[in-house]
Amino acid sequence: MTADAAESEAFLEEMRALALIALREWDLAVTSVAPIKVRENAVFKLDLAGGGRAVLRVHRRGYHSDEELESEFHWLRALEAAGVAVPRVIRSRRGRDFEVVAGASAGPRQIDVFEWIDGAQLGSVETGIEGGSDAVAGQYHTIGAIAARMHNQAANWQRPPGFRRHAWDAAGLIGEQPLWGRFWELAALSPGQRSLLDRARRRIAAGLAQYGMAPDRYGLIHADLVPENMLIDGPRIRVIDFDDAGFGWHLFELATSLYFIAGDRIFPAARDALIRGYRSERPLPEEALARLPLFLAARGTTYLGWVHTRQGSETARELTPFLIERACAAAEEYLAADRM
């Protein structure tokens, strides 16, 4: 076993032990605990006596304050009330949306439990999107419509006092301390790539300032409407994983949905379908849509920041070459479009 594999196995066992301790806070008859995904958060499937299932999430340390996490649950309930299919939390025996639990070797972490949602992922970064152009277009039309309904709900919702989430604004994307890290310092960048991204960073800052933050274009967004966060169950698509949800541009939401298929043969059909779906629920003028390359470029920088802050991890080493290639392509496309 390699050192990385041993470290990953040790972390998984540590998170599983913490999950077992946390389950004492819930009135659930759990028969088994199995990992689903251990990346930023550690997510486990719970098998329950009687054949039911649930999902337990152990949060990464320091990403959200307790107030920010509680705000996530406020928005989830508001979205469900507005008819958007989202995960439903199972509260602890003390009536809390989450508990803060510490283990023997692990520091305190926020832990929550959700009802199980049946369905298959639309796709993932690793495997891509499955299905022909017509099937993918239908799925992206639905994603666009769901994004628009979420934006409509957020625009008309009176947020409760104390509501707090991070912001995917100019400072959070390309400021001196971006939310996901100083992407321009990524060691794997060549001098030419670093120069390209420096130019793009300056133009992105100017483009964001010019576009502005009016309520018709900026508000609460999911910020991670990628294929792996869409569960398909027959004709229905449910949205999961609101960990990155915060304040941001609506076009940033759409750019995130499209980012990992940009350059793929299905991209034109998916893009057009996504826009049609969005416009079926919410206006999106052509003048605004012309800014999509700006937000694709901005989205690309965030993923470079992500791997920059995780350079020692196996996942970062595997993804870094692809993410650099994709981010540089998005930057070049934006700079070319911005000159037109």
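# Why these labels? Pairs, sheets and helices

The structure, a predicted model, holds 16 aromatic pairs.

Me: What makes Tyr-218 and Trp-249 an edge-to-face pair?
Reply: Start with the ring centres, which lie 5.1 Å apart. Rings pair if their centres lie within 6.5 Å. Next, the planes stand at 80 degrees. Planes over 60 degrees apart count as edge-to-face. The pair is therefore edge-to-face.

Me: Why is this pair said to link distant parts of the chain?
Reply: Tyr-218 belongs to strand 10 (residues 218-221). Trp-249 belongs to strand 13 (residues 246-249). The two are 31 residues apart.

Me: Which sheet holds strand 13 and strand 10?
Reply: An open sheet of 3 strands, in the order 9-13-10 with mixed pairing.

Me: What makes strand 9 and strand 10 edge strands there?
Reply: Each pairs on one side only. Strand 9 covers residues 167-168.

Me: How do you know that strand 9 and strand 13 pair?
Reply: Count the bridges: there are 2, in the parallel sense. Two strands pair if at least two bridges are found between them. The count therefore meets the cut-off. In one of these bridges, Trp-168 has Gly-248 in strand 13 as its partner.

Me: What is the order of the sheet with antiparallel pairing?
Reply: The order is 6-11-12, in an open sheet of 3 strands. Its edge strands are strand 6 (120-121) and strand 12 (236-239), each pairing on one side only.

Me: How do you know that strand 6 pairs with strand 11?
Reply: Strand 6 and strand 11 (residues 230-233) share 2 bridges, in the antiparallel sense. At least two are needed. Ala-120 has Ile-232 as its bridge partner in strand 11. For Gln-121, the partner in strand 11 is Leu-231.

Me: Which helix packs on this sheet?
Reply: Helix 3 (residues 133-156) does, touching strand 11 and strand 12. Its direction makes about 50 degrees with that of strand 12.

Me: What joins strand 11 to strand 12?
Reply: 4 bridges do, and the two strands run antiparallel. Ile-232 stands opposite Ile-237 in strand 12. The two strands form a hairpin, with 2 residues between them. Gly-234 sits in the turn and has a positive phi of about 65 degrees.

Me: Where does another hairpin occur?
Reply: Between strand 1 and strand 2, which are joined through 3 residues. Strand 1 (residues 30-38) and strand 2 (residues 42-48) run antiparallel, with 7 bridges. Val-30 stands opposite Leu-48 in strand 2.

Me: Why are helix 5 and helix 9 called oblique to each other?
Reply: Helix 5 (residues 191-211) and helix 9 (residues 292-308) pack at an angle of about 130 degrees. Roughly perpendicular runs from 65 to 115 degrees, and roughly antiparallel starts over 145. The angle fits neither range, so the helices are oblique. Their axes are 10 Å apart, and helix 5 passes helix 9 in a left-handed crossing.

Me: Which residues meet where helix 5 and helix 9 touch?
Reply: Helix 5 brings Leu-197, Ile-204, Gly-207, Leu-208 and Tyr-211. Helix 9 brings Leu-294, Phe-295, Ala-297, Ala-298, Thr-301 and Leu-304.

Me: How do the residues of this contact divide?
Reply: They divide into 9 nonpolar, 2 polar and no charged. Gly counts as polar here. Gly-207 in helix 5 is therefore one of the polar residues.

Technical notes: Residues are numbered from 1 along each chain as its sequence is written. This is a predicted model: local features need pLDDT of at least 70, side-chain atom pairs count only at pLDDT 80 or more; totals for chains, interfaces and linings use all residues. Side-chain values use heavy atoms; hydrogens and water are left out. Axes are lines fitted to C-alpha atoms, for helices over the stretch in contact, and angles run from 0 to 180 degrees between N-to-C directions. A crossing is left-handed if the near helix is turned anticlockwise from the far one by less than a right angle, and right-handed if clockwise. Contact means heavy atoms within 4.5 Å. Rings of Phe, Tyr and Trp (its six-membered ring) pair if their centres lie within 6.5 Å; planes under 30 degrees apart count as stacked, over 60 as edge-to-face and the rest as tilted.
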